Amino acid sequence: MDVFELLPLLLNTWVILAVLVVIFLRSSVKFVPQNTAYVIERFGKYNKTMEAGLNFLVPFIDRIGYVRTLKEQAFDVPSQSAITRDNISLIVDGVLYIKVVDPVKACYGVDDYIFSVTQLAQTSMRSEIGRMELDKTFEERESLNTAIVSAINEAALPWGVQVLRYEIKDIDPPRSVLDAMERQMKAEREKRAVILESEGARQSEINVAEGHKQARVLAAEAEKSEQILQAEGEAQAILAVAQAQAEALEVVGRTASTEEGQKAIQLDLAVKAIEAKKAIAKESSVVLLPDSQSSAAGVVAEAMSIINTLNAGKK
């Protein structure tokens with residue numbers, strides 16, 4: 001067999017070898033995507049876990065047994081019935097957020113971790129709602145979600161799965177309970193309205209009474225101030241009158257010590273005596289007077305004797 005006859009045979013052999021090399025490389029080199037894990041089995045037994053990047057396999061010996069995503073995943077929890085502590089039946093559904101933290105346990109620890117965690121979420125939810133009354137299920141959703149997550153994580157630890165969040169979407173009580181709740185809320189609103197109205201009336205009365213009180217206080221203070229000012233004015237007036245009288249008496253005293261002053265006093269006393277007799281005569285038709293004082297001269301003489309005695313005392 002010459003060279004030209006062997007050339008096609010050699011060419012076919014090289015082609016076959018190249019194909020085998022390509023198949024070998026293709027089956028031995030693996031590029032794992034980000035946030036993905038390949039679980040590798042050798043002869044049906046777990047061998048290793050491939051993470052993101054370039055990885056190698058032994059062809060025909062190793063194989064990819066499971067592919068697990070490491071991303072956070074959301075799953076609907078089907079609606080189910082639950083009974084509260086006060087024996088009210090509810091229909092509840094939710095959303096479950098989970099993440100695979102151990103791909104090996106997620107593959108070999110449980111047959112279907114999604115189904116298992118979903119069933120566990122339903123069981124935990126029924127258990128937690130059974131400990132609460134109807135009103136609390138609406139008021140304490142956050143604490144209810146936290147309790148369910150804690151219960152699921154404790155049970156799902158051998159499965160290599162972590163529950164990040166559990167959110168209750170809807171809580172649907174029976175129609176009769178909804179009607180009763182609506183009546184209760186309406187009564188509560190009416191109660192608050194009556195209370196607010198009474199509080200408003202009470203505050204209004206308090207404000208009016210406080211205004212009257214302040215008005216009376218201000219009036220009393222004004223009256224007090226007025227009386228004080230009036231008393232001060234009267235006192236000043238009395239002092240002024242007394243001062244004037246004192247000055248007048250002083251002037252009269254100085255004038256009475258002179259001859260002209262005594263004559264003026266005599267004349268004044270005579271006039272006053274005559275006026276006094278006229279006044280007495282007007283009051284009664286009969287007037288009895290002593291003979292010594294019946295004349296104006298006698299009155300003047302007596303007054304002058306008193307003045308002379310006073311002047312002698314001063315000397």
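Is Leu20 buried, partly exposed or exposed? The model shown here is predicted, and in it Leu20 has a relative accessible area of 48%. Leu20 counts as partly exposed because this value falls between the cut-offs of 20% and 50%. The residue is found in helix α1, which covers residues 3–28. Leu20 also belongs to a nonpolar patch on the surface, along with Trp14, Val15, Ile16, Leu17, Val19 and Ile23. Together, the residues of this patch have about 690 Å² of accessible area.

From the helix we turn to the strands. Strand β2, residues 36–42, is mostly covered, with six of its seven residues buried. This strand has bridges to β3 and to β5. Five bridges join β2 to strand β3, residues 45–50, and the two run antiparallel. They form a hairpin with two residues between the strands. Phe43 sits in that turn and has a positive phi of about 55°. Seven bridges join β2 to strand β5, residues 62–69, and this pair also runs antiparallel. Glu41 is a useful residue to find here: it stands opposite Arg63 in β5, and its bridge partner in β3 is Tyr46. As a general point, the side chains of a regular strand alternate between the two faces of the sheet.

A second hairpin is made by β6 and β7. Strand β6 spans residues 73–83 and strand β7 residues 89–100; nine bridges join them, and they run antiparallel. Ala74 is one place to see the pairing, as it stands opposite Tyr97 in β7. Five residues lie between the two strands, and Asn87 in the turn has a positive phi of about 65°.

Next come the contacts between charged side chains. Side chains of opposite charge can pair when their charged atoms come close. In this model the count comes to eight salt bridges. Three of them are described below, among them one between strands.

The side chains of Arg42 and Asp62 meet in a salt bridge, at 2.5 Å from N to O. Arg42 lies in strand β2 and Asp62 in strand β5, so the pair ties together parts that are 20 residues apart in sequence. Are its two residues buried or exposed? Arg42 is partly exposed, with a relative accessible area of 33%. Asp62 has a relative accessible area of 9% and is buried, because buried means under 20%.

Another salt bridge joins the side chains of Arg85 and Glu133, at 3.4 Å from N to O. This pair links distant parts of the chain, 48 residues apart. Arg85 is in the loop between β6 and β7, while Glu133 is in the loop between α3 (113–129) and α4 (134–139). Arg85 has a relative accessible area of 52% and is exposed, because exposed means over 50%. Glu133 has 37% relative accessibility and counts as partly exposed.

The third example lies within one helix. Arg202 and Glu199 meet through their side chains in a salt bridge, at 3.6 Å from N to O. Both are in helix α6, residues 175–256, and because they are three residues apart there, about one helical turn separates them. Arg202 is partly exposed, with a relative accessible area of 48%. Glu199, at 40% relative accessibility, also counts as partly exposed.

Conventions
Residues are numbered from 1 along each chain as its sequence is written. This is a predicted model: local features need pLDDT of at least 70, side-chain atom pairs count only at pLDDT 80 or more; totals for chains, interfaces and linings use all residues. Side-chain values use heavy atoms; hydrogens and water are left out. Two strands pair if DSSP finds at least two bridges between them. Helices (H or I, at least four residues) and strands (E, at least two) are DSSP runs, numbered from the N terminus. Buried means under 20% relative accessible area, exposed over 50%, partly exposed in between (1.4 Å probe, protein chains only). Patches are made of residues with over 30% relative accessible area and no salt bridge: like charges are joined within 9 Å, nonpolar side chains (Val, Leu, Ile, Met, Phe, Trp, Tyr) within 5 Å. Accessible areas come from the Shrake-Rupley method with a 1.4 Å probe; for residues, only the protein chains shown count as cover. A salt bridge is a side-chain nitrogen of Lys or Arg within 4 Å of a carboxyl oxygen of Asp or Glu.
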